[in-house]
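The following exercises concern a single protein chain. Please work through each task before reading its solution.

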Amino acid sequence: MHTRILNAKNQQTYVLFYEDESVFSNFHPSNFEAETAKKLVNSGMFKEEEMLKFNCSEQYFMYHKALLVGDVDSAKVIITAKHPMVMKMTGRQLNMNRHDIDNWTQKSRDIMYLACLAKFSQNVELRKMLFRTQDMYLVEASGNDAIWGNGIWKEDKRSDDVANWHGTNYLGEILDRIRGELIGKPEFAAEKEAVQLESLEQRIQMLMA
């Protein structure tokens with residue numbers, strides 16, 4: 001199951017996700033167009049932005065990671081790749097020194113925000129799924145990632161207790177922020193109202209389907 005709903009002891013409801021079948025995963029297919037942020041990651045090398053097509057938020061993210069270190073060849077591999085795992089592995093194999101790593105650490109959350117904002121702004125069904133998590137907290141439940149995720153797999157029984165989480169869950173926090181921004185926009189009011197007519201049980205079933 002790609003998503004699990006956790007009603008925690010602290011009276012909060014969490015949406016634990018990981019697999020690419022979940023719309024909240026960066027691997028989930030989601031075509032969108034977005035302006036690059038080349039100047040943000042490497043102002044010394046890039047002076048102009050351009051509109052590009054992306055097939056998932058992972059592609060936007062890793063594309064900019066390659067540009068940060070000025071590796072235009074890897075950037076081309078990422079932007080032409082069809083599968084997100086190719087994008088991720090290309091990004092992981094970049095030659096980065098300590099300065100590059102620190103620089104990416106500083107800027108990566110801004111890039112992730114831009115990627116996810118474009119993804120959910122331009123895909124109606126994905127946006128409605130995001131709206132269904134209103135009053136809940138999104139959490140990437142990854143035992144492999146204590147930075148973007150909470151550091152513990154959603155299948156692990158220890159994940160039932162929030163006190164056992166040891167990750168920063170930056171991805172979940174960014175998605176919560178984007179939900180708050182989009183759900184308040186007039187152009188999405190009809191979608192918001194439609195989702196609010198659904199029962200909690202219906203919303204949960206759709207999130208887990």
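A residue is called buried under 20% relative accessible area, exposed over 50%, and partly exposed in between, with a 1.4 Å probe and protein chains only. The model is predicted: local features need pLDDT of at least 70, side-chain atom pairs count only at pLDDT 80 or more, and totals for chains, interfaces and linings use all residues. Residues are numbered from 1 along each chain as its sequence is written, and side-chain values use heavy atoms, with hydrogens and water left out.

**Exercise 1. Fold and dimensions**

Determine the order of the elements of the protein chain, and decide how compact the chain is for its length.

Solution. Helices (H or I, at least four residues) and strands (E, at least two) are taken as DSSP runs, numbered from the N terminus. The count is nine helices and five strands. Read from the N terminus, the order is β-β-β-α-β-α-α-α-α-α-β-α-α-α. The radius of gyration is 17 Å, close to the 17 Å from the globule rule for 209 residues, so the chain is as compact as a globular protein of that length. Here the radius is taken over C-alpha atoms, and the rule is 2.2 Å times the number of residues to the power 0.38. Along the principal axes, the C-alpha trace spans about 50 × 40 × 25 Å. Of the 209 residues, 49% are buried.

**Exercise 2. The surroundings of F54**

Locate F54, classify it as buried or exposed, and list what it touches.

Solution. F54 belongs to strand 4 (residues 51–54). Its relative accessible area is 2%, so F54 is buried. Leaving aside residues up to four places away in sequence, F54 touches S30, N31, F32, A34, Q59, Y60, Y63 and I79; a contact means heavy atoms within 4.5 Å. The C-alpha atoms of F54 and E33 are separated by 6.1 Å, with the two positions 21 residues apart along the chain. F54 also joins F32, Y60 and Y63 in one aromatic cluster.

**Exercise 3. An aromatic pair**

Classify the geometry of the pair F61 and W148, and state which parts of the chain the pair ties together.

Solution. A pair of aromatic rings is described by the distance of the centres and the angle of the planes. Rings of Phe, Tyr and Trp (its six-membered ring) pair if their centres lie within 6.5 Å; planes under 30 degrees apart count as stacked, over 60 as edge-to-face and the rest as tilted. The whole structure holds 11 aromatic pairs. For F61 and W148 the ring centres are 5.4 Å apart and the planes stand at 90°, so this pair is edge-to-face. F61 lies in helix 2 (residues 57–68) and W148 in the loop between strand 5 (137–140) and helix 7 (170–182), so the pair ties together parts 87 residues apart in sequence. F61 counts as buried at 5% relative accessibility, and W148 counts as buried at 14%.

**Exercise 4. Positive phi angles**

Describe the phi value, place and exposure of Q11 and of D135.

Solution. Q11 is not a glycine, yet its phi is positive, near 75°. Q11 sits in the loop between strand 1 (3–7) and strand 2 (13–17), and is exposed with a relative accessible area of 70%. D135, likewise not a glycine, has a positive phi of about 70°. D135 is placed in the loop between helix 6 and strand 5, and counts as exposed at 67% relative accessibility.
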